[in-house]
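Work through the following exercises with the sequence and the model open beside you. Each task is followed by a solution that proceeds step by step.

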Protein chains: 2
Amino acid sequence: MAEPLDPDMFAGCPPVAAPIRIGDKWTAKITRCLEAGPRRFTELQVPLLGITPKVLTESLRAMERDGLLTRTAYDEIPPRVEYELTDLGRSLLTPMNAGCEWSRRHLRDLLRARDAWHAAS
Amino acid sequence: MAEPLDPDMFAGCPPVAAPIRIGDKWTAKITRCLEAGPRRFTELQVPLLGITPKVLTESLRAMERDGLLTRTAYDEIPPRVEYELTDLGRSLLTPMNAGCEWSRRHLRDLLRARDAWHAAS
DNA sequence: CGGGATCCCCTTTGATACTG
DNA sequence: CAGTATCAAAGGGGATCCCG
């Protein structure tokens with residue numbers, strides 16, 4: 001359905017890059033991962049470097065509860081579960097893109113101000 | 001310079017309304033409070049219902065450090081300090097407005113999904 | 001494979017009291 | 001007025017181990 005997720009797709013998005021945050025720590029990244037189509041649990045773990053199963057489960061459950069994505073479990077062996085954005089979840093991409101655009105244009109200024117502050121103190 | 005801040009200006013913005021968050025818990029609201037011009041410390045405390053001086057100071061210091069606002073202390077008695085948005089701080093209004101627009105259009109759907117979930121469980 | 005159960009830590013946030 | 005100092009609480013996030 002979709003290309004494999006790039007393990008480094010968030011390389012340019014350190015936590016400092018997120019004065020703008022959507023939902024909890026992982027919501028925005030999960031949304032990005034699902035942008036191109038449904039994904040499996042293990043598939044999501046790859047770009048979300050170091051996320052533990054517990055935390056990923058919690059984030060996915062919260063998003064499911066809020067109607068941002070659907071969870072579909074297939075009764076197979078081995079088990080297979082797919083997560084897919086709903087229209088509501090997809091609507092988050094608009095403010096997310098506004099946030100990313102802000103980072104592209106202004107984050108450098110913010111970091112420069114922060115460095116200057118540390119240098120002065 | 002500017003009209004007094006409405007103590008209830010954030011009445012329609014419960015925490016649940018913020019799947020989109022800018023900076024720490026108070027950054028976005030402080031930015032809104034400064035939108036119309038410089039404000040004093042005590043002036044800011046009014047709409048930020050219940051914020052303690054400590055937390056307000058911490059938030060303001062962090063924003064100053066990041067170049068989002070300036071702090072000007074006038075050597076008078078009684079003391080007077082004014083906080084004012086920089087251009088960088090003002091640039092946050094764009095993604096903030098995108099987030100507010102999302103809330104206006106979709107928050108109702110999110111809350112409905114959440115309620116349905118609770119009802120089902 | 002896709003989790004659940006436990007335990008724990010640390011940061012964020014707040015309450016309270018005091019001060020130049 | 002505009003903070004600072006200290007303490008306490010809370011919850012988000014993570015480590016580790018286990019399971020159907």
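The exercises below concern a predicted model, and they take up the relation of the two chains, a helix pair and the two DNA strands in turn.

**Exercise 1. Determine what turn and what shift lay chain A on chain B, and name the residue of chain A that comes closest to the rotation axis.**

Step 1. Chain A can be superposed on chain B by a turn of 180 degrees with a shift of 0.0 Å along the axis, and the RMSD is then 0.1 Å.

Step 2. That is therefore the relation of a two-fold axis.

Step 3. Among the residues of chain A, R21(A) comes closest to the rotation axis, its C-alpha being 2.4 Å away.

Step 4. Both copies use the same surface, since 100% of the contact residues of chain A recur in chain B.

**Exercise 2. Decide whether α5(A) and α5(B) are roughly parallel or roughly antiparallel, and describe the residues through which they meet.**

Step 1. In each chain helix α5 covers residues 93-120, and the two helices pack at an angle of about 175 degrees, with their axes 9 Å apart.

Step 2. Angles over 145 degrees count as roughly antiparallel, and α5(A) and α5(B) are therefore roughly antiparallel to each other.

Step 3. From α5(A) the residues P95(A), A98(A), G99(A) and W102(A) take part, and they meet P95(B), A98(B), G99(B) and W102(B) of α5(B).

Step 4. By class, the residues of this contact comprise six nonpolar and two polar ones, with no charged residue.

**Exercise 3. Describe the protein surface around DNA strand C, and state which of its residues have polar contacts with phosphate oxygens.**

Step 1. DNA strand C is surrounded by 22 residues, of which the closest are T42(A), R71(A) and Y83(A) from chain A and K25(B) and K54(B) from chain B.

Step 2. Of the strand C atoms within 4 Å of the protein, 63% belong to sugar or phosphate, while the rest belong to bases.

Step 3. With polar contacts taken as N or O pairs within 3.5 Å, the side chain of T42(A) places an N or O atom 2.3 Å from a phosphate oxygen of strand C. For the side chain of R61(A), the corresponding distance to a phosphate oxygen is 2.9 Å, whereas V81(A) contributes a polar backbone atom at 3.4 Å from a phosphate oxygen.

Step 4. The elements that give two or more residues to this surface are α2 (41-45), α3 (53-65) and β4 (80-85) of chain A, together with α3 (53-65) of chain B; the largest share, four residues, comes from α3(A).

Step 5. The residues of the surface near strand C divide into nine nonpolar, three polar and 10 charged.

**Exercise 4. Carry out the analysis for DNA strand D, and identify the element that gives the most to the surface near this strand.**

Step 1. There are 21 residues around DNA strand D, and those that come nearest are R21(A), K54(A), T42(B), R71(B) and Y83(B).

Step 2. Sugar or phosphate accounts for 65% of the strand D atoms within 4 Å of the protein, and bases for the rest.

Step 3. A side-chain N or O atom of R21(A) is 2.7 Å from a phosphate oxygen of strand D, and a polar side-chain atom of K25(A) also lies 2.7 Å from a phosphate oxygen of this strand. From V81(B), a backbone N or O atom lies 3.3 Å from a phosphate oxygen.

Step 4. Two or more residues come from each of α3 of chain A and α2 (41-45), α3 and β4 (80-85) of chain B, and α3(B) gives the most, with four residues.

Step 5. By class, the surface near strand D has nine nonpolar, three polar and nine charged residues.

Definitions and conventions: Residues are numbered from 1 along each chain as its sequence is written. Chains are lettered from A and ligands numbered from 1 in the order in which they are written. This is a predicted model: local features need pLDDT of at least 70, side-chain atom pairs count only at pLDDT 80 or more; totals for chains, interfaces and linings use all residues. Side-chain values use heavy atoms; hydrogens and water are left out. A residue is near a molecule or strand if one of its heavy atoms lies within 4 Å of it. A polar contact is a pair of N or O atoms within 3.5 Å; within protein, one must be able to donate a hydrogen and the other to accept it, and residues adjacent in sequence count only if both atoms are side-chain atoms. Ala, Val, Leu, Ile, Met, Phe, Trp, Tyr, Cys and Pro count as nonpolar, Asp, Glu, Lys and Arg as charged, and the others, Gly among them, as polar. Axes are lines fitted to C-alpha atoms, for helices over the stretch in contact, and angles run from 0 to 180 degrees between N-to-C directions. Angles under 35 degrees count as roughly parallel, over 145 as roughly antiparallel, 65 to 115 as roughly perpendicular and the rest as oblique. Contact means heavy atoms within 4.5 Å. Copies are superposed by least squares on the C-alpha atoms of residues with pLDDT of at least 70 in both.
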